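Biologist: Could you zoom in on one part of this model for me and walk me through what sits around it? I'd like a close look rather than a grand tour.

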Amino acid sequence: MSNCQTYFFRLLARREYSEKELRKKGQEKGFSEAEITETIEHLQEINAQSDTRVAEEMILGYQGKYGRPKIKQKCREKGISDELFAQTWENLSDQLEAEELPNLKNKVKRKYNLNQFSNLDPKTKRKICNFLQYRGFNPWQLLKQWEQEGQNF
């Protein structure tokens, strides 16, 4: 087993790394490009490294905290392609939507001490919009949806 392979195994034992991250770490350690490529291919063959798992982990980890655009940006920073992100998001979408919005709605209610979403004062509405927008959600769409849900009771 090469030093590069030992190094990568040690890294992957702690957490998932994308191919891009492993390449960067290998280059920083001074391994040759050929050795890095060969080692990564071997790790992928034995399923020790998978960009799909990295994408799944990030999507599930950031779910409820950030919206799709922000999570996509974070995945892109780790070298996850937009195609792989979209495919992974699609595979997880039923699970995500069932958990994400009710949790987010409750979080907003607690954070801003709200009982309902209609007749919000402009200052609170602005704060909620900033909170939702920062996390990559469409605040106007969500507020409208939550306001309508409140009227259906």
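**A close look at Asp51**

Modeller: Let's go with Asp51, which is buried yet has no salt bridge. The nearest side chain of opposite charge belongs to Arg23, and that one is 8.6 Å away. A salt bridge here would need a side-chain nitrogen of Lys or Arg within 4 Å of a carboxyl oxygen, so Arg23 doesn't count as a partner. Bear in mind that this is a predicted model.

As for where we are, Asp51 belongs to helix 4, which covers residues 51-62. So who does Asp51 touch? Skipping residues up to four places away in sequence, Asp51 touches Ser18, Glu19, Gly79, Ile80 and Leu84. Glu19 in that list counts as negative, just as Asp51 does, because Asp and Glu are both put in that class.

Now step back to the loop between helix 3 (33-45) and helix 4, where you'll find Ala48. Ala48 is partly exposed, because its relative accessible area of 22% isn't under the 20% that buried calls for. Ignoring neighbours within four places in sequence, Ala48 is in contact with Phe9, Leu12, Leu43 and Arg53. There's also a link across the chain: the C-alpha atoms of Ala48 and Glu16 are separated by 9.0 Å, with their positions 32 residues apart along the chain.

For contrast, take Asn3 in helix 1 (residues 3-14). Asn3 is exposed, with a relative accessible area of 60%. Leaving out neighbours within four places in sequence, Asn3 is in contact with Phe31 and Glu35.

Terms used. Residues are numbered from 1 along each chain as its sequence is written. This is a predicted model: local features need pLDDT of at least 70, side-chain atom pairs count only at pLDDT 80 or more; totals for chains, interfaces and linings use all residues. Side-chain values use heavy atoms; hydrogens and water are left out. Helices (H or I, at least four residues) and strands (E, at least two) are DSSP runs, numbered from the N terminus. Buried means under 20% relative accessible area, exposed over 50%, partly exposed in between (1.4 Å probe, protein chains only). Contact means heavy atoms within 4.5 Å.
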